[in-house]
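Here is a short briefing on one protein model and its ligand. Keep the 3D view open while you read.

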Amino acid sequence: MNSGEVSPAIDQALRRVPRGAFVGPQWQERAHEDRPLPIGCGQTTSQPSLVAYMTEQLALTPKSRVLEIGTGSGFQTAILAELAAEVFTVELLPELAASARQRLDGMGYRNVSYRVGDGAEGWPEHAPFDAIIVTAAGRALPPALIAQLRPGGRLLAPLGPPEGEQTLVLVDTRSNGEWHRRDLCSVWFVPLVSASLGDLRPRLGEVN
Ligand code: SAH
């Protein structure tokens, strides 16, 4: 998972998107380091090498339509927007969604659509997607997301306990409707908070 293995297009996208603009002033000096950083509201943005690796796994083309669950700071969103035709991004926390949108609008990204809500339900109005990336960990793959994947499409999601080591899982769908799951590596993501998945935490707002 080191950035040396990353394709030139992804490497270029990572160079074009200034990570420092996605974190608070107190983290500026660390923005160039390959480590996760806080983005407010108790959430984090992944280390750039993991963003690169995950993006690589999606096998995007300039024609791809991508669904992202967990907009967060919008850093991963920007990388996707650099490489794909259209990005649909869903964030549970209105505050993070609003600041990501403002940031990405300001940077000139016009191929991103934003939604505030529970990403475990996907975004059925814009389905099917060529790729779906989930950047928060759930215990199970949300069935709605698999249903919104185009045959031949790819879904990438961390699966596992909310406060522990998780597995990054790649699901690819075949044209006959079958899907295939491959476990890629261990990761540590913030939890996917979802009423529809039921198990992780109480509905947001009751947390803390
Ligand atoms: N990729 C982001 C980091 C995401 S952190 C970045 O580069 O900055 C995970 C995000 O998922 C957090 O912002 C969290 O609020 C959001 N999240 C958690 N549960 C969610 C859900 N059910 N639907 C949508 N977003 C969710």
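The points below go from the core to the ligand, then to single residues.

This is a predicted model. Its largest nonpolar core has 35 residues. Around the ligand stand 26 residues. Helix H3 (75–83) has a part in both places: it supplies at least two residues of the core and at least two of the shell around the ligand.

**The largest core**

- Leu60 and Ile79 have the most contacts inside the 35-residue core.
- Three helices each supply at least two residues of this core: H1 (8–16), H2 (48–57) and H3 (75–83).
- Four strands also supply at least two residues each: S5 (112–116), S6 (129–134), S8 (166–173) and S9 (179–187).
- H3 gives the largest share of this core, six residues.
- Apart from this core lies another one, of 20 residues. Among its members are Leu67, Phe88, Trp123 and Val190.
- Leu60 touches Thr55, Val66, Leu80, Leu83, Ala84 and Ala131, leaving out residues up to four places away in sequence. Two of these partners, Leu80 and Leu83, are listed among the buried residues of H3.

**Helix H3**

- H3 is mostly covered, with eight of its nine residues buried.
- Its buried residues are Phe75, Gln76, Thr77, Ala78, Ile79, Leu80, Ala81 and Leu83.
- Ile79, in this buried set, is also one of the two residues with the most contacts inside the largest core.

**The ligand and its shell**

- The closest of the 26 surrounding residues are Ser73, Glu91, Asp118, Gly119 and Val193.
- By class, the shell has 12 nonpolar, 12 polar and two charged residues.
- Strand S2 (43–45), H3 and strand S4 (86–91) each supply at least two shell residues.
- The largest share, three residues, comes from S2.
- Which atoms of the protein lie 3.2 Å, 2.8 Å and 3.3 Å from a ligand nitrogen? At 3.2 Å it is a backbone N or O atom of Leu92. At 2.8 Å it is a polar side-chain atom of Asp118. At 3.3 Å it is a side-chain N or O atom of Thr135.
- Taken alone, the ligand exposes 580 Å², and the protein buries 98% of that.

**Two residues of strand S6**

- Asp130 sits in strand S6. Its relative accessibility is 19%, so Asp130 counts as buried. The cut-off for buried is under 20%.
- The Asp130 side chain reaches the backbone nitrogen of Arg65 at 2.7 Å.
- Leaving out residues up to four places away in sequence, Asp130 touches Lys63, Ser64, Arg65, Leu149, Arg150, Gly153 and Arg154.
- Val134 also has its place in S6. Val134 is buried because its relative accessible area is 4%.
- Leaving aside neighbours within four places in sequence, Val134 is in contact with Met54, Ile69, Leu145, Leu156, Ala157, Pro158 and Leu192.
- Val134 and Trp123 are 11 residues apart along the chain, and their C-alpha atoms are separated by 13 Å.

**Aspartate 172 in strand S8**

- Asp172 has its place in strand S8.
- Is Asp172 buried or exposed? It counts as buried, because its relative accessibility is 15%.
- Its side chain makes a polar contact with the side chain of Arg174, at 3.1 Å.
- Not counting residues up to four places away in sequence, Asp172 touches Gly153, Arg154, Glu178, Trp179 and His180. Gly153 and Arg154 are also touched by Asp130.

**Backbone details in the loops**

- A cis peptide bond joins Ala127 and Pro128, with omega at about 5°. Pro128 is found in the loop between S5 and S6.
- Cys41 is not a glycine, yet it has a positive phi of about 55°. Cys41 lies in the loop between strand S1 (37–40) and S2. With a relative accessible area of 38%, Cys41 is partly exposed.
- Ala59 also has a positive phi, near 50°, though it is a residue other than glycine. Its place is the loop between H2 and strand S3 (65–69). Ala59 has a relative accessible area of 48%, so it is partly exposed. The partly exposed range ends at 50%.

How values were computed: Residues numbered from 1 in each chain as written. Predicted model: local features only at pLDDT ≥ 70, side-chain atom pairs only at ≥ 80, totals over all residues. Heavy atoms only, no water. Core = buried A, V, L, I, M, F, W, Y, C linked by side-chain atoms within 4.5 Å. Buried < 20%, exposed > 50% of the residue type's maximum accessible area, 1.4 Å probe, protein only. Contact = heavy atoms within 4.5 Å. Near = heavy atom within 4 Å. Polar contact = N/O pair within 3.5 Å; in protein donor to acceptor, adjacent residues only side chain to side chain. Areas by Shrake-Rupley, 256 points an atom, 1.4 Å probe, with all protein chains shown as cover. Nonpolar A, V, L, I, M, F, W, Y, C, P; charged D, E, K, R; others polar.
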